[in-house]
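Open the model in your viewer with the sequence panel beside it, and follow the selections below in the order in which they are given.

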Amino acid sequence: MKSILTALILFVAPLLLPAAEQPVFAEGKAVAEGIAAAGAPAGQPEHGIPQKALGLGKEEGFITNSMLVTWIVALALILFARMATRRMREVPAGAQNFWEWLIESLYEFLEGIIGPELVQKTFWFFATIFIFILFTNWFGLIPGVGTIGWGVQGEHGFQVTRPLLRGGNADLNMTAAMAMLFFFFWTVWAVQANGVKGFFLHLFGPKGESAGALKLLLIVIFFLVGFLEVFSILFRPVSLSFRLYGNIYAGENMLEAMSNLVPGLGWLLPVPFYFMELLVGLVQALVFMLLTAVFTMLICMHEEGHEKAHH
């Protein structure tokens, strides 16, 4: 069942939010006229990645280029996992060895943070999120992503106006969909760990022991603090989605700018920044997984659970 849920997350996440409204690209002469109106020389192509994902083909479509990338990455990960675990051996080698090393490392890492009990329940989700974000980030760095597609022929060569592929996490729809999925599972795990009554007591109930007028005062204070906590919880999907989207989108724009900075050296200048973006892709996947894991731990583990995890 967890394997089925994992596959559904990978394939359904891009469909949870509707594709953003797409700008309509002018064809032929209209492109040059629009650029000239903005102050650039006529016929000189604009550089930079559009903020919105574009539909596939020359016309608008429901399936966008970022959705296509996420499906390619998801399918590749699922096929690789099936191939690595098809013939399990006591002494792993090759793909099985890499897959077991990756999963065991993630499991031990999360176990040290959120504890053994919680990691058994939630590891399948956090591991999926980390692996999927990591390889989606790295897939966006492959040459051809964002530079192959439909466009117009200008004075300075062919200009791609509608790329075939776009980095999956450079689309806010994708990062917001993953954040909303986490918020759903966070709610389920919180209710399972605390119950409905305990969930609301965790948010609005007074902490500590007191009596008399002090107890009444603490009840009022913690009830008001609970509203701030609810606001913070509701804002988490927004911060998670914009953090990941902003870093990946900015990195791809930086690579685009470096490739067009000096004519004739577009293949060389971005090379050092590719290595930096590989690190950024890893860090952002790790940050997304850690934040979601810590948010889950804070609502699911009680004070005794915290002490047990630290010892």
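Begin by selecting Ala-84, which belongs to helix H3, the helix that spans residues 65–84. This is a predicted model, and the values quoted at each stop are computed from it. Ala-84 counts as buried because its relative accessible area is 4%, under the 20% below which a residue is called buried. Now display the surroundings of Ala-84: leaving aside residues up to four places away in sequence, it touches Ala-95, Gln-96 and Trp-99. If you add Asn-97 and draw a distance between the two C-alpha atoms, the separation from Ala-84 comes to 8.1 Å, for residues that are 13 positions apart along the chain.

Before the next residue, zoom out and colour the chain by secondary structure. The chain contains nine helices and two strands, and, read from the N terminus, the order of elements is α-α-α-α-α-β-β-α-α-α-α. Of its 311 residues, 37% are classed as buried. Among contacts with a separation of 6 or more, 70% are made by residues 24 or more positions apart. With a surface drawn, the exposed area of the chain is about 17,600 Å², and carbon and sulfur atoms supply 69% of that area.

Next, select Leu-172, which is part of helix H6 (residues 172–204). Leu-172 is partly exposed, because its relative accessible area is 26%, a value between the limits of 20% for buried and 50% for exposed. Its contacts, again without residues up to four places away in sequence, include Ser-241, Phe-242 and Tyr-245. Of these, Ser-241 is worth a distance label, since sequence and space can be read together here: Leu-172 and Ser-241 are 69 residues apart in sequence, yet their C-alpha atoms are 6.8 Å apart.

Move on to helix H7, which covers residues 213–259, and pick Leu-224, which is found in this helix. Is Leu-224 buried or exposed? Its relative accessible area is 52%, so Leu-224 is exposed, the limit for that class being over 50%. A C-alpha to C-alpha distance drawn from Leu-224 to Leu-203 gives 9.8 Å, with their positions 21 residues apart in sequence.

Now show the side chains of Glu-229 and Arg-236. Side chains of opposite charge can pair when their charged atoms come close. Here the two side chains meet in a salt bridge, with 3.7 Å from N to O, and the structure holds one salt bridge. The two partners fall into separate accessibility classes: Glu-229 is partly exposed, because its relative accessible area is 33%, while Arg-236 is buried, because its value is 11%.

For the internal space, switch on a cavity display. Rolling a probe the size of a water molecule over the atoms shows where empty space is left. How many cavities of 30 Å³ or more does the structure hold? There are three of them, and the second largest contains about 50 Å³ of space. To find this second largest cavity, select its lining residues, Asn-137, Gly-140, Leu-141, Ile-248, Glu-252, Glu-277 and Gly-281. The elements that contribute two or more residues to this lining are H7 and H8.

Stay with helix H8 and select Thr-296, which lies in it. Thr-296 counts as buried because its relative accessibility is 0%. Showing its contacts, with residues up to four places away in sequence left out, brings up Leu-118, Thr-122, Phe-126, Phe-182, Trp-186 and Trp-189.

Finish on the surface by selecting Leu-268, in the loop that runs between helix H7 (213–259) and helix H8 (271–300). Leu-268 counts as partly exposed because its relative accessibility is 39%. Extend the selection to Leu-261, Val-262, Leu-265, Trp-267, Val-271, Phe-275 and Leu-278, which together with Leu-268 make a nonpolar surface patch of about 760 Å².

Methods. Residues numbered from 1 in each chain as written. Predicted model: local features only at pLDDT ≥ 70, side-chain atom pairs only at ≥ 80, totals over all residues. Heavy atoms only, no water. Patch = residues over 30% accessible without salt bridge, like charges linked within 9 Å, V, L, I, M, F, W, Y side chains within 5 Å. Areas by Shrake-Rupley, 256 points an atom, 1.4 Å probe, with all protein chains shown as cover. Salt bridge = Lys/Arg side-chain N within 4 Å of Asp/Glu carboxyl O. Helix = DSSP H or I, 4+ residues; strand = E, 2+ residues; numbered from the N terminus. Buried < 20%, exposed > 50% of the residue type's maximum accessible area, 1.4 Å probe, protein only. Contact = heavy atoms within 4.5 Å. 1 Å grid on protein atoms, 1.4 Å probe; cavity = no way out; pocket = protein on both sides within 12 Å on 5 of 7 lines; lining within 4 Å. Points joined across faces, edges and corners; volume = space filled by probe spheres on them.
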